[in-house]
Amino acid sequence: MIEHEEDTNMILQRQCASRLLCAALLSACANAAHAQTTSTSSGQTYPVKPVRVVVPSSAGGGTDIVARILAPKLTELLGQQVVVENRAGAGTMIGIEVVAKSPPDGYTLLMGLSTLAINPAMYKKVPYDAVRDFAPISQIISAPNMLVVHPSIPARTVKELIAFARARPGQLNYASAGQGTNPHLSMELFLSMTGLKVVHIPYKGLAPGIVDLLAGHVSLATATMLTGLPHVKSGRLRCLGTTGAKRAAVLPDLPTVAEAGVPGYEASQWYGVLAPAQTPKEIITRLHAGLTRILQAPDMRARLAADGTDPVGSTPEEFRLYIQAELVKWAKVARDAGIRPE
């Protein structure tokens with residue numbers, strides 16, 4: 001009987017020890033998981049896996065080019081692969097929505113562009129809020145457009161173009177990359193500030209529009225530097241001014257549109273990196289520091305200058321305020337142009 005009781009006590013002691021060991025192991029696992037989560041969310045060990053940068057447009061465009069220039073540099077600095085993923089469609093809204101609805105853990109970023117702030121003025125239903133749904137990290141570059149005309153247009157300055165077009169209301173036309181694109185609204189801003197009447201001819205991308213401009217089927221356009229500069233250098237198009245706030249380094253002798261006769265005009269294309277809202281501040285800080293270091297590198301600055309673009313490297317707060325200002329500006333441009341959201 002005593003022997004039986006001793007056996008029972010030993011069994012109970014072993015079971016109790018087993019339970020205590022399991023509880024200790026579970027607690028250790030929980031603490032380790034919490035420590036890893038805390039460490040990752042605080043940015044101390046971030047990143048521990050590849051980071052994807054979503055480009056909301058097709059491969060080969062300006063947004064894609066900028067993302068693919070940055071990705072290998074960011075890979076070196078972060079110690080994890082940075083992968084570019086193209087999610088084009090719906091006026092860039094598909095890719096933008098993907099990032100807006102992604103976990104705020106720093107592993108999905110957006111290569112944003114001007115349409116982030118233009119879309120709300122062009123569409124009734126936009127599946128994101130440009131301010132509420134994102135944590136801005138940094139504006140990467142500012143890229144002015146070029147106000148270009150076919151050589152058959154006799155104007156050689158912005159003032160001469162204004163006088164020429166004013167004398168022919170509705171007789172000239174201009175090409176754009178499509179309804180609601182930066183080249184479209186850049187021209188509409190110019191027209192609203194000058195009171196000119198010029199017919200809009202939208203294309204499926206700026207390239208076919210430039211083809212028609214070269215052929216003389218349309219009169220003028222606001223072209224990106226990458227698209228328009230080669231034709232200006234060859235003499236097939238004439239550039240009257242650039243659309244940025246300051247002169248383009250690649251064309252230092254060419255005035256801005258504001259300098260050349262339309263004070264206050266500025267309509268640059270921009271690109272910047274954003275994360276989903278609620279991404280930990282420490283992760284935003286680390287990514288911002290990395291992007292700033294990349295943009296300050298002499299080889300990167302030379303590469304961007306050759307393409308006619310300017311590195312920016314703004315702070316997250318500066319970028320947030322810039323996006324807010326862009327929303328207001330393009331909404332007014334759309335209203336003044338009589339553009340109704342679809």
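Helices, such as the α2 discussed below, are DSSP runs of H or I at least four residues long, numbered from the N terminus. The model described here is a predicted one.

Helix α2 is a good place to start. The helix has 17 residues and reaches 24 Å from its first C-alpha to its last, close to the 24 Å expected at 1.5 Å a residue. There is nevertheless a kink of about 30° in α2, at A71, shortly before the proline P72. Many positions along the helix are hidden from the surface: T63, D64, V66, A67, I69, L70, A71, L74, T75 and L78 are buried. An α-helix has 3.6 residues a turn, so residues three or four places apart point the same way. After α2 comes G79, whose phi is positive, near 75°.

Next comes the sheet. Its 6 strands form an open arrangement with mixed pairing, in the order β2-β1-β3-β10-β4-β11. At the edges stand β2 (82-86) and β11 (310-311), each pairing on one side only. Two helices pack on this sheet. Helix α3 (residues 93-100) touches β1 (51-55), β3 (108-113), β4 and β10, and its direction makes about 145° with that of β3. Helix α11 (residues 316-336) touches β4 and β10, and its direction makes about 75° with that of β4.

Within the sheet, β4 and strand β10 (residues 269-276) pair in the antiparallel sense over 8 bridges. In this pairing, S138 stands opposite V273 in β10. Further along, S142 lies in strand β4 (residues 134-143). Is S142 buried or exposed? S142 is buried, because its relative accessible area is 17%, and buried means under 20%. Leaving aside residues up to four places away in sequence, S142 touches S268, Q269, T309, D310 and V312.

Helix and sheet meet in the largest nonpolar core, which has 33 residues. Which of its residues touch the most other members? They are L70, L109, M111, I137, I140 and V273. At least two residues of this core come from each of β1, α2 (62-78), β2, β3, β4, β10, α9 (281-296) and α10 (298-306). The largest share, 7 residues, comes from α2.

M111 shows how these parts come together. Not counting residues up to four places away in sequence, its contacts include V66, A67 and L70, as well as V53, I140 and V273. Apart from this core lies another, of 32 residues, among them L147, V158, F164 and L220.

Note on methods:
Residues numbered from 1 in each chain as written. Predicted model: local features only at pLDDT ≥ 70, side-chain atom pairs only at ≥ 80, totals over all residues. Heavy atoms only, no water. Buried < 20%, exposed > 50% of the residue type's maximum accessible area, 1.4 Å probe, protein only. Contact = heavy atoms within 4.5 Å. Pairing = 2+ DSSP bridges. Axes fitted to C-alpha atoms, helices over the stretch in contact; angles between N-to-C directions. Core = buried A, V, L, I, M, F, W, Y, C linked by side-chain atoms within 4.5 Å. Expected span 1.5 Å × (residues − 1). Bend = angle between axes of the 7 residues up to and from the residue.
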